[in-house]
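Open the model in your viewer and keep the sequence panel beside it. Each stop below says what to select and what is found there.

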Amino acid sequence: MRRHHRTTPRIRRSPRLHRLLGTLLLVAAAGVFTAGSAPAAAAAPVPLDQVIPAPAQVTPGGTPYRITAGTAIRVDPDPEARRVAEYLAGILRPSTGYRLPVTAQGSSGIRLRLADGGYGAEGYRLDSDAGRVTLTAATPAGLFHGVQTLRQLLPAAVEKDTVQPGPWTVAGGTITDRPRYGYRGAMLDVARHFLTVDQVKRYIDQLALYKINTLHLHLSDDQGWRIALDSWPRLATYGGSTQVGGGAGGFYTKDDYREIVRHAASRFLQVVPEIDMPGHTNAALASYAELNCDGTAPPLYTGTRVGFSSLCVPKDVTYDFVDDVLREIAALTPGPYLHIGGDEAHSTSHADYVAFMNRVQPLVAKYGKTVIGWHQLTGATPAPGALAQYWGLDSTKAAEKEQVAQAARNGTGLILSPADRVYLDMKYDKNTRLGLSWAGYVEVRKSYDWDPGTYLPGAPASAVRGVEAPMWTETLQKSADLEFMAFPRLPGAAELGWSPAATHDWNAYKVRLAAQAPRWDALGIAWYRSPQVPWPTAG
């Protein structure tokens, strides 16, 4: 997250003046005097159970901890843990104005420690009392998720990049927390409208606040190819030269993509790249005539219609192409997954679709990765260990749902992304200025109020690996567009992926959600003021 540095000269003040100014700041923080009144009380600390996602277990009690000019951030001598501590310091220093040194010495202040204790790969424990705040986890990822909880327990002004008055108090008590699901994702479509590296990194930072751990990048579609590859260079230079509406488009160099992966890893997100096939491939077909069955390249496409394109399944060059693409992208991607799309292949016969998937899935394994495909993959034979991403609706035909459920019963894992629940590009209502409505209108409550473990009839709860909230960009071009559609729905999807089912309660959640608004304002996030949520009044 970009922080702005002061450029104004420092003014030397006497100790007496410092004390006077400090007193005035404390008075301002506590409230103002009026005739005949006592000073207003400082705002109470955020209760431990008011964060998003809801923690697994909360035990409030004891004296709050207060961050002061004397606070240090103590961390175990582990390089990854220290990076988490430096990240925390980078959030706290601009708004508090405190030095907050990161050190391996001492035990008071804010302590980050690595220890066994049943926390799992991403869980943590937060203990707060008058003397210290301690975050304990088995892994640096767990510490990082604990830091996100700590951020939300501090006043929203902690997110600002200029000095704020405070006070900076953390409620007393203990949080013990770990995720319900190991896969908690958000998809970003950079194919319909190209998004810059900085725009993607900004979205990653916003995802991290709510403990999302996967960024699914939709890198290719009919309207654009967004990753430069040495083996097929025209994919990017020609296939990436436009976008929906006919704009200039764009693509990521390999270094650009590495920077996205690096930034995501610094926020403990894995990147899942998607190359959609055999449909949604017009940008590739336009770039190389030999990929077409008739040997003729179609024109570039800037509309939004789907289902008209297909790789030529019988041609051997098709599999040379797919092999090269998967090889180069796998080499750039440290995470375990490659997403091969597979949806809306309306121009591919069922027999060709099955034949294509039977040849392509082993290529993913060849490069050491696990297949993810949209749930139409279950109409073929999913590879062992493959994940199917379900994007149907509540109203999807029972036969289609049963096909997915049968695959789940046979061992295929599921990622749940029902379009009329967590497609973040769906309009909130008929007046929403952005987005689409083919899956219906999706207000905040509908997006939140469902259970991934029981959503798909006949699918065993054990098959569900997690939840993902996709963001398609036919109508979205700027960060503010993404944010308006993601907030306030994204935190709910994150909670569905992280929190125990027992914590799920709309009436309680909407209050916690409303309390996030000042934080979004402090972060400069453009958000939608849903009438379903009791937002704080401006003032």
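Begin with Pro 53, in the loop between helix 1 (15-30) and strand 1. Keep in mind throughout that this is a predicted model. The bond to look at is the one joining Ile 52 and Pro 53: this peptide bond is cis, with omega about 0°. Most peptide bonds are trans, and most residues other than glycine have a negative phi.

Now select Pro 278, in the loop between strand 14 (270-274) and helix 7 (282-287). Here too the bond is cis, running from Met 277 to Pro 278 with omega near 0°.

**The sheet**

Go back to strand 1. Which strands lie at the edges of the sheet, pairing on one side only? First, the whole arrangement: 7 strands make an open sheet with mixed pairing, in the order 1-9-6-7-5-3-4. The edge strands are strand 1 (57-60) and strand 4 (102-103).

Select strand 9 (residues 173-177) together with strand 1; the two pair in the antiparallel sense over 4 bridges. Within this pairing, Gln 57 has Thr 176 of strand 9 as its bridge partner. Next, show helix 3 (residues 140-153), which packs on the sheet. Helix 3 touches strand 5 (109-114), strand 6 (124-128), strand 7 (132-137) and strand 9, and its direction makes about 40° with that of strand 6.

**A buried arginine**

Stay with the sheet and select Arg 74, in strand 3 (residues 73-75). What is the nearest side chain of opposite charge to Arg 74, and how far away is it? It is Asp 76, at 11 Å; Arg 74 is buried yet has no salt bridge. The side chain of Arg 74 does reach the backbone oxygen of Ser 108, at 3.1 Å. Residues that Arg 74 touches include Thr 103, Gln 105, Ile 110 and Leu 112.

**Two residues with positive phi**

Select Leu 100, in the loop between helix 2 (79-96) and strand 4. Leu 100 is not a glycine, but its phi is positive, about 45°. Is Leu 100 buried or exposed? Its relative accessible area is 0%, so Leu 100 is buried.

Then move to Glu 344, in the loop between strand 15 (337-339) and helix 9 (350-366). Glu 344 is not a glycine either, and its phi is about 50°.

**Around Val 158 and Glu 159**

Select Val 158, in the loop between helix 3 and strand 8 (168-170). Val 158 counts as buried because its relative accessibility is 1%, under the 20% limit. Measure from its C-alpha atom to that of Ile 91: the separation is 7.3 Å, although the two residues are 67 residues apart along the chain. Among the residues that Val 158 touches are Ile 91, Trp 168 and Arg 519.

Keep Arg 519 selected and add Glu 159; their side chains meet in a salt bridge (3.0 Å, N to O). This pair links distant parts of the chain, 360 residues apart: Glu 159 is in the loop between helix 3 and strand 8, and Arg 519 is in helix 16 (residues 517-523). Both Glu 159 and Arg 519 are buried.

**More salt bridges**

How many salt bridges does the structure hold? There are 26 salt bridges. One of them joins Glu 402 and Arg 409, with the closest N and O atoms 2.4 Å apart. Glu 402 is partly exposed, at 34% relative accessible area, and Arg 409 is partly exposed at 38%.

Finish with Lys 478 and Asp 481, whose closest N and O atoms are 3.4 Å apart in a salt bridge. Lys 478 is partly exposed at 47%, whereas Asp 481 is buried at 4%.

Methods: Residues numbered from 1 in each chain as written. Predicted model: local features only at pLDDT ≥ 70, side-chain atom pairs only at ≥ 80, totals over all residues. Heavy atoms only, no water. Pairing = 2+ DSSP bridges. Contact = heavy atoms within 4.5 Å. Axes fitted to C-alpha atoms, helices over the stretch in contact; angles between N-to-C directions. Buried < 20%, exposed > 50% of the residue type's maximum accessible area, 1.4 Å probe, protein only. Lys, Arg positive; Asp, Glu negative; His and termini not counted. Salt bridge = Lys/Arg side-chain N within 4 Å of Asp/Glu carboxyl O. Polar contact = N/O pair within 3.5 Å; in protein donor to acceptor, adjacent residues only side chain to side chain. Lists of a residue's contacts leave out its neighbours within four places in sequence.
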